[in-house]
Amino acid sequence: MKQEEQIALIRRALALIAAGGSERGEPAVSPVTRYLDPARHELEVERIFRRYPLALCPSASLANAGDSFAIDVAGMPLLFVRGQDGEVNGFVNACRHRGARLKPPGASPGQRALICPYHSWTYGLDGALRGRPSAEDFPHAPASKCSLARVPVAEALGFVWAVPRVLADGESPGLDIAEWLGRFGADLRSWGYDGWVPFHQRAFDNAANWKIPFEANLETYHFQYAHRDSIAGLFYDNLLVADQDRQHQRLFLPKRSIAGLRDVPEQEWQVGPHSNIIYYLFPATFILHEGDHANAFTVLPESPGRSRVIASTLIPEPPKTEKSANYWRKNVESFWGALNEDFALGVSAQSTLASGAQSSLYFGATECCSARFHADVEAALAA
């Protein structure tokens with residue numbers, strides 16, 4: 001983030017602190033059918049999760065040529081492979097013979113080829129069919145027509161991003177990910193994210209609609225209550241400083257220590273020690289910048305009331321000492337101590353929505369970023 005933008009954010013925060021106020025937007029409602037309707041769930045998968053880039057694994061999971069990573073995304077089995085040219089290729093994880101999966105979920109290091117376990121059809125790291133037993137038996141399926149189905153893929157900010165859909169004929173497999181991530185992506189890139197590596201990774205099932213975790217993490221109204229025993233004391237009560245770039249959002253969360261910057265020359269101001277910054281990248285990726293590291297997650301829909309969370313803690317370089325490793329472990333524990341509280345409350349909320357107690361949920365004026373998130377989801381569904 002440019003120095004002048006850091007100064008501008010800190011000025012905004014100090015002015016709000018002095019006034020005892022917060023930035024606000026328009027109150028809104030969210031019908032409970034958004035979290036329960038199976039037909040809507042299918043529409044969200046089709047019009048959102050098949051159309052927009054998602055951060056799906058750390059780039060370091062594919063450090064070397066031949067490394068692969070398989071993951072299911074909203075019903076689509078994906079396979080990422082680092083090619084001999086150093087580029088990441090994205091495929092549907094399905095053999096072109098009879099559809100068997102080439103790889104189980106997770107990472108597989110150092111392969112020279114991709115071999116189907118069913119009939120040993122063999123593919124190069126570029127997805128081209130290189131060999132198959134009794135090839136003469138398939139005159140109706142020439143090798144040139146049996147390459148693995150590609151999906152759009154790119155690398156940025158320490159992650160592999162993909163759109164889980166098969167490429168159209170003649171379409172480039174590359175994504176213009178820098179253009180999509182926009183100025184908030186430029187923020188993160190300026191801190192060196194393209195070279196950051198995972199220290200900790202976690203994946204878990206979440207008994208709540210995919211939208212609920214983003215509602216929670218796009219507002220500060222809950223901090224002093226949901227996090228009273230964890231992180232609440234570090235932050236001002238319900239202080240919102242927010243910006244948007246198209247469907248992406250950035251929330252600046254000042255720590256109480258920021259007040260001390262009033263006695264420091266502006267040219268020395270740095271956001272890192274005195275804030276957390278939330279980057280929400282539409283539709284389903286969250287990055288919390290914590291100065292010297294980041295915690296990130298992507299939420300994938302599985303049904304109206306269930307989702308899958310894939311999460312990583314990124315650091316600038318692998319720890320070289322046990323002291324350094326312990327420092328990062330404590331940061332991971334602190335982050336998940338608070339985030340587990342958010343996810344548990346989201347599951348609690350999902351469990352009541354079918355009760356008939358209410359037809360809509362309410363978002364107040366300082367929860368306007370959550371309301372903005374829903375407005376952007378609705379616009380994407382209508383497109």
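## Close-up views of the predicted model

Phe 297 comes out as buried, at 1% relative accessibility; here buried means under 20% relative accessible area, exposed over 50% and partly exposed in between, with a 1.4 Å probe and protein chains only. Keep in mind that this is a predicted model, so local features need pLDDT of at least 70 and side-chain atom pairs count only at pLDDT 80 or more, while totals for chains, interfaces and linings use all residues. Residues are numbered from 1 along each chain as its sequence is written, and side-chain values use heavy atoms, with hydrogens and water left out.

**View A. Two aromatic pairs that link separate parts of the chain.** Searching the whole structure turns up 21 aromatic pairs. For a pair, the ring centres of Phe, Tyr or Trp (its six-membered ring) lie within 6.5 Å; planes under 30 degrees apart count as stacked, over 60 as edge-to-face and the rest as tilted. Phe 214 and Tyr 280 make a tilted pair, 5.3 Å centre to centre with 55° between the planes. Phe 214 sits in helix α4 (residues 212-217) and Tyr 280 in strand β15 (residues 275-281), so this pair ties together parts that are 66 residues apart in sequence. Helices (H or I, at least four residues) and strands (E, at least two) are DSSP runs, numbered from the N terminus. Both Phe 214 and Tyr 280 are buried. Phe 297 and Phe 343 meet edge-to-face, at 5.7 Å centre to centre and 65° between the planes. That pair joins distant parts of the chain, with Phe 297 in strand β17 (residues 294-303) and Phe 343 in helix α6 (residues 322-352), 46 residues apart. Phe 343 is buried too, with a relative accessible area of 6%.

**View B. Helix α6 and what its buried residues pack against.** This helix has 31 residues and reaches 45 Å from its first C-alpha to its last, close to the 45 Å expected at 1.5 Å a residue. The expected span is 1.5 Å times one less than the number of residues. Among the buried residues of α6 are Trp 328, Val 332, Phe 335, Trp 336, Leu 339 and Phe 343. The buried set packs against β12 (197-206), α4, β16, β17 and β18 (306-315), with contact meaning heavy atoms within 4.5 Å. An α-helix has 3.6 residues a turn, so residues three or four places apart point the same way.

**View C. Leu 288 in strand β16.** Leu 288 is buried, with a relative accessible area of 8%. Leaving aside residues up to four places away in sequence, Leu 288 touches Asn 276, Ile 277, Ile 278, His 293, Ala 294, Asn 295 and Phe 335.

**View D. Helix α1 against two strands.** Residues 3-19 form α1, whose 17 residues reach 25 Å from first C-alpha to last, close to the 24 Å expected at 1.5 Å a residue. Gln 6, Ile 7, Leu 9, Ile 10, Ala 13, Leu 14 and Leu 16 are its buried residues, and they pack against β13 (241-245) and β14 (248-254). Right after α1 comes Gly 20, with a positive phi near 70°.

**View E. Helices α2 and α7 crossing.** Here α2 (residues 38-49) packs on α7 (residues 368-382) at an angle of about 80°, with the axes 9 Å apart. Axes are lines fitted to C-alpha atoms, for helices over the stretch in contact, and angles run from 0 to 180 degrees between N-to-C directions. So α2 and α7 are roughly perpendicular to each other, the label for angles of 65 to 115 degrees. The contact takes in Arg 40, Leu 43, Glu 44, Arg 47 and Ile 48 of α2, plus Val 377, Glu 378, Ala 380, Leu 381 and Ala 382 of α7. Sorted by class, that makes 6 nonpolar, no polar and 4 charged residues. Ala, Val, Leu, Ile, Met, Phe, Trp, Tyr, Cys and Pro count as nonpolar, Asp, Glu, Lys and Arg as charged, and the others, Gly among them, as polar.

**View F. Backbone oddities in the loops.** Most residues other than glycine have a negative phi, and most peptide bonds are trans. The peptide bond from Phe 282 to Pro 283 is cis, though, with omega near 5°; Pro 283 is in the loop between β15 and β16 (285-289). Ser 120 isn't a glycine, yet its phi is positive, about 65°. You'll find Ser 120 in the loop between β7 (114-115) and β8 (122-123), partly exposed with a relative accessible area of 34%. Asn 238, also not a glycine, has a positive phi of about 50°. Asn 238 lies in the loop between α5 and β13 and is buried, with a relative accessible area of 15%.

How values were computed:
Parallel < 35°, antiparallel > 145°, perpendicular 65-115°, else oblique.
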